[in-house]
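Open the model in your viewer and keep the selection tool at hand. The stops below say what to select and what is found there.

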Amino acid sequence: MFNIRTGLGFDVHRLVEGRELWLCGLRIDHPLGLLGHSDADVAIHALCDALLGAAALRDIGYHFPDTDQSYKGVDSKMLLAETVGLLSGKGWKIGNVDITICAEAPRINPHIEKMQGILSSIMDIEADCVSIKATTTEKLGYTGRREGISAFATALIYR
Ligand code: MG
């Protein structure tokens, strides 16, 4: 009998000049980048929180605090790998994940296949178990004004 759990993650980062834009582990050519202590990959952060949430293992800020200098500028793919390690340490396997990125720009769709490849290899699941979707907020709110990018994620885990 499988023990099945789901989790939800949400994150926001501010868009600024002079930063690289990283989403789902991929650097995307764009005049603005996300501001943060790490590489500010908002989609991976939401995904980590969904995975941690499913396992009731607190949140990304608890495990990787932004007061810890060792996480300054860190590649969020490493945070995802450590998150997967925390779950597998408790016997959890990942079933599927589903991510929605909310951004007025850049266009995400051309990058989705590559993103699926990156995230699925870190989580050691099939690419078709990694869903990545993008939406705008119809120019409304902070994402609509291009002040930031937000991301939601859900994850199903089992053991
Ligand atoms: Mg974050």
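This tour of a predicted model goes from a metal site to a pocket and then to a helix.

**Stop 1: the metal site.** Select the magnesium ion, then show the side chains of Asp11, His13 and His45, which coordinate it. The donor atoms are OD of Asp11, NE2 of His13 and ND1 of His45, at 2.1 to 2.3 Å. Along the sequence, these donor residues follow the spacing D-x1-H-x31-H. Now colour by accessibility: are Asp11 and His13 buried or exposed? Both Asp11 and His13 are buried.

**Stop 2: the largest pocket.** Keep His45 selected and turn to the largest pocket, which holds about 230 Å³ of space. Its lining has 13 residues, and those closest to the centre are His37, Ser38, His45, Phe64 and Asp66. His45 therefore belongs to two stops, as a donor to the magnesium ion and as a lining residue here. Next select strand E1 (4–17) and helix H2 (60–63), the elements that each give two or more residues to the lining. By class, the lining consists of 6 nonpolar, 5 polar and 2 charged residues.

**Stop 3: helix H3.** Select residues 76–89, the 14 residues of H3. Place a distance label between the end C-alpha atoms: they are 20 Å apart, which agrees with the 20 Å expected at 1.5 Å a residue. Within H3, show Ser76, Leu79, Leu80, Thr83, Val84 and Leu87, which are buried. Then look down the axis of H3: the buried residues fall within an arc of 140°, so they line one face of the helix.

How values were computed
Residues are numbered from 1 along each chain as its sequence is written. This is a predicted model: local features need pLDDT of at least 70, side-chain atom pairs count only at pLDDT 80 or more; totals for chains, interfaces and linings use all residues. Side-chain values use heavy atoms; hydrogens and water are left out. On a 1 Å grid over the protein atoms alone, a cavity is a set of points where a 1.4 Å probe fits but cannot get out, and a pocket is an open set with protein on both sides within 12 Å along at least five of seven lines; lining residues have an atom within 4 Å of a point. Grid points are joined across faces, edges and corners, and a volume is the space filled by probe spheres set on the points. Helices (H or I, at least four residues) and strands (E, at least two) are DSSP runs, numbered from the N terminus. Ala, Val, Leu, Ile, Met, Phe, Trp, Tyr, Cys and Pro count as nonpolar, Asp, Glu, Lys and Arg as charged, and the others, Gly among them, as polar. Donors are N, O and S atoms within 2.8 Å of the metal (3.2 Å for Na, K and Ca); water is not among the atoms, so sites may look incomplete. Buried means under 20% relative accessible area, exposed over 50%, partly exposed in between (1.4 Å probe, protein chains only). The expected span of a helix is 1.5 Å times one less than its number of residues. The arc is that of the directions from the helix axis to the C-beta atoms.
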